[in-house]
2 protein chains.
Amino acid sequence: MVPSVPVSVDLVVLTVRCQALSALVWRRDNPPFLRRWSLAGGFIQLDEDLPDAARRIMTERAGIPGAGTLHLEQLQTYGYPDRDPRQRVLSVAYLCLAPDLPASEKAHMAWVPVAELTVMAFDHRRMMLDGIERARAKLEYTSLAAAFCEPEFTVADLRRVYELVWARPLDPRNFHRKVTKAEGFLMETGETTTRDGGRPAKLYRRGPAELLHPPMLRS
Amino acid sequence: MVPSVPVSVDLVVLTVRCQALSALVWRRDNPPFLRRWSLAGGFIQLDEDLPDAARRIMTERAGIPGAGTLHLEQLQTYGYPDRDPRQRVLSVAYLCLAPDLPASEKAHMAWVPVAELTVMAFDHRRMMLDGIERARAKLEYTSLAAAFCEPEFTVADLRRVYELVWARPLDPRNFHRKVTKAEGFLMETGETTTRDGGRPAKLYRRGPAELLHPPMLRS
DNA sequence: CCAATAGTGTCTATCAGACAGTATGGC
DNA sequence: GCCATACTGTCTGATAGACACTATTGG
């Protein structure tokens, strides 16, 4: 006889907004962990693949518009027997990176700066920290930072992503040189932004490159 | 009502032996995939954490001596509904890196060079390739290569690990400079090897460093 | 001596960090 | 003009790749 376990998918959805790396969370309205912050999640259905379940939960539970276009990757699986006090649940965490989306229309869902999420339900804080560390690491050697940006963005937008995710300032000039010379990272649109009090910046789109060679090290 | 799924743990156990990167596999003696190569695996027990299940399967199913001391990390979870034709099974794959161990005493288990494992049962080839890619990537920025070596090893032993895992030759002199100058990677034992026809090499142990700064890029 | 492997030194191209200087907008 | 931001150029130190050279063993 083979033991079976309920399996859920939990989403670590990260974005950069209001000068802070933020996560999409909701306030639990039921025990256990009543009124604690929690990640959006749900049980997988029979005959549903894991990425499909993650997309479904992004749409149905988290209320994220355009869930199909956002970056999504499997993070890790959490299976400690007591992680849910009611019954054993295996949880497959997914990491989603999003630009500054409009607030979810779902009740109780909110973008909260990760620095404020010191206490969460279940092991969701561990999942969130693992997701942040994955994002931090991947900014080093991939062009993933653009997943946090609008379709068209400036080099300064991209730099702000790096600075907020890595939580450290970067030299704007060296950063500019690095990303504009990285083959396939950025594609010029020909347009420029107009802002207050500064030279207009060129607008770029994501280039075809997925990897950054050589990587941009946090050192 | 919450659907439950049987959950198994499958092991991608890699080693370097006989001048080849090899995996620990066994020949299935039952349908489906009768007589195909398969990874060692088993179902998790109730109240058993995932890493504990992985260690148990290393000992019981794979017959690996000293399973408690080897490097073990979670690789990925595979959940496509049809991945097992009999019933839906969720599989959490673990990656284990081992030195050249004696052959397992378990029947049907064997070390096979990964280049020969072109056809495997279930999605085990995908798991193995994901494990190899994880190992390749981690050699770049961690000191993990030593996990493939005996407790005491030479710089040449370590270089052979890199060369076989990356499947490309490295300059012995530049490699030597890189690893001996990397802070905390290697600790001299004071001993040397004696070999035929060559200057004896210094023996090293693993140092305390986990990360390699700056990384050794495959480029 | 020679063969073989271990280990050191040197040159050079590349690249990151630091930062001066120029360009182009709003006020 | 002044300020702010975007962008370019230059210097320097660290490092990887290429490879000459020395060291230490066995035969």
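## Touching a base

Let's start at the DNA: the side chain of B:R177 has an N or O atom sitting 2.9 Å from a base nitrogen of DNA strand D. Keep in mind that this is a predicted model.

The elements giving two or more residues to the surface near DNA strand D are α3 (155–166) and α4 (172–181) of chain A, plus α4 (172–181) of chain B. Which of them gives the most? That's α4(B), with four residues.

## Touching the backbone

Not every polar atom here pairs up with a base. In B:S219, a side-chain N or O atom is 3.4 Å from a phosphate oxygen of DNA strand D. Over on chain A, a polar side-chain atom of A:H176 lies 3.5 Å from a sugar or linking oxygen of that strand.

## Who is around the strand?

There are 24 residues around DNA strand D, and the ones that come nearest are A:K202, B:R173, B:N174, B:R177 and B:K178. Of the strand's atoms that come within 4 Å of the protein, 54% belong to sugar and phosphate.

What kinds of residues make up this surface? Eleven are charged, seven are polar and six are nonpolar.

## Away from the DNA: the core

Now for the largest nonpolar core, which has 54 residues. In soluble globular proteins, nonpolar side chains tend to be buried together. Two members of this core, A:V9 and B:V9, touch the most other members.

Take A:V9 and leave out residues up to four places away in sequence: its contacts include A:I44, A:L50, A:I57, A:V92 and A:Y94. A:V9 also touches A:A40, A:A53 and A:A54, along with the glycines A:G41 and A:G42.

Technical notes
Residues numbered from 1 in each chain as written. Chains lettered and ligands numbered in written order. Predicted model: local features only at pLDDT ≥ 70, side-chain atom pairs only at ≥ 80, totals over all residues. Heavy atoms only, no water. Near = heavy atom within 4 Å. Polar contact = N/O pair within 3.5 Å; in protein donor to acceptor, adjacent residues only side chain to side chain. Nonpolar A, V, L, I, M, F, W, Y, C, P; charged D, E, K, R; others polar. Core = buried A, V, L, I, M, F, W, Y, C linked by side-chain atoms within 4.5 Å. Buried < 20%, exposed > 50% of the residue type's maximum accessible area, 1.4 Å probe, protein only. Contact = heavy atoms within 4.5 Å.
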